[in-house]
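Thanks for sharing this one. Here are my notes, written to be read with the model open beside you.

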Amino acid sequence: MAPVKILVADDSRDIREFVAEYVLQPQGYTVLTAEDGNIGYELVCSASPDLVIADMKMPGLTGLELATRLRDEKRAIPLILITAEGSEETARQARRAGVADYLIKPFEADELLDVIRRTLELTHARRETARMQAELAATNDMLMRRVKELETLIGVGRSVTAVLDLDEVLSKVVEAAVTVSGAEEGSLLLLDERSGELTMRAAKNFDDQF
């Protein structure tokens with residue numbers, strides 16, 4: 001399993017080095033760093049990190065602006081916001097921007113690691129749920145198609161037992177085959193044993209001239 005890749009975007013070199021070298025790398029995380037929001041966004045596009053840690057106030061894109069852009073572009077990358085201003089307004093802005101969680105400076109290494117683990121676990125759970133829902137929807141579609149096929153075949157069986165005219169039976173068989181296979185057109189040809197030639201006995205969506 002590939003190591004988790006985390007992007008740290010902060011205009012403070014001290015914070016970048018502390019988070020990258022003393023907190024994340026010793027835990028086995030692969031770390032990318034950016035000194036402003038614009039570079040951070042470029043790294044998101046080029047490197048596709050599993051998680052972003054961004055300062056609320058930095059040159060270029062702020063942490064909130066970066067989170068908003070990731071949300072608007074539907075990039076499923078969680079972002080943890082680092083801020084020096086812990087308030088209800090900050091929390092409200094963070095939620096509106098789609099921030100996964102936020103930390104107030106100064107913070108301890110263990111506190112950051114706990115938030116990272118919690119965010120990654122929640123993200124993994126959401127992705128698994130989405131995957132299972134997609135698989136369930138695909139299975140449901142397949143079952144619905146199968147039911148339709150069986151209903152069509154049952155209808156053919158009833159027609160065969162109820163109709164004595166061979167041409168009408170063959171027409172219903174071709175119509176059912178086209179319906180079940182999703183084809184645009186279909187035909188049924190029988191071999192004339194005397195002449196050795198194939199003769200079209202029934203067709204669906206062919207014009208009369210053909």
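The points below cover one helix and then the salt bridges.

1. A reminder before we start: this is a predicted model, so please read every distance and angle here as computed from that prediction.

2. Let's begin with helix α2, which spans residues 37–47. Which of its residues are buried? They are Gly37, Gly40, Tyr41 and Val44. These four sit on the same side of α2, because the arc they cover around the axis is only 100°. The general rule behind such a pattern is that an α-helix has 3.6 residues a turn, so residues three or four places apart point the same way.

3. What does that buried side of α2 pack against? Its partners are the strands β1 (5–9), β2 (30–34) and β3 (51–55), together with helix α3 (63–72). On the face turned away from the buried side you will find Glu42 and Ser46, both exposed.

4. The ends of α2 deserve a look too. At the N-terminal end, aspartate 36 acts as the cap, with a side-chain oxygen 3.0 Å from the backbone nitrogen of asparagine 38. After the helix comes serine 48, which has a positive phi, near 50°.

5. Now for the charged pairs. How many salt bridges does the structure hold? There are nine. As a general matter, side chains of opposite charge can pair when their charged atoms come close.

6. One of these salt bridges joins aspartate 72 to arginine 71, where the closest N and O atoms are 2.9 Å apart. Arginine 71 is partly exposed, at 39% relative accessible area. Another links arginine 75 with glutamate 73, and here the closest N and O atoms are 2.7 Å apart. Both partners are partly exposed: arginine 75 has 30% relative accessibility, and glutamate 73 has 36%.

7. Further along the chain, arginine 117 forms a salt bridge with aspartate 114, with 3.4 Å between the closest N and O atoms. Why do these two line up? They are three residues apart in helix α5 (residues 109–162), so about one helical turn separates them. Arginine 117 is partly exposed, with a relative accessible area of 36%, and aspartate 114 is partly exposed as well, at 42%.

8. Finally, please have a look at Asp10, Asp55 and Lys105, since salt bridges link these three residues in a network.

Technical notes
Residues are numbered from 1 along each chain as its sequence is written. This is a predicted model: local features need pLDDT of at least 70, side-chain atom pairs count only at pLDDT 80 or more; totals for chains, interfaces and linings use all residues. Side-chain values use heavy atoms; hydrogens and water are left out. Buried means under 20% relative accessible area, exposed over 50%, partly exposed in between (1.4 Å probe, protein chains only). Helices (H or I, at least four residues) and strands (E, at least two) are DSSP runs, numbered from the N terminus. The arc is that of the directions from the helix axis to the C-beta atoms. Contact means heavy atoms within 4.5 Å. A polar contact is a pair of N or O atoms within 3.5 Å; within protein, one must be able to donate a hydrogen and the other to accept it, and residues adjacent in sequence count only if both atoms are side-chain atoms. A salt bridge is a side-chain nitrogen of Lys or Arg within 4 Å of a carboxyl oxygen of Asp or Glu.
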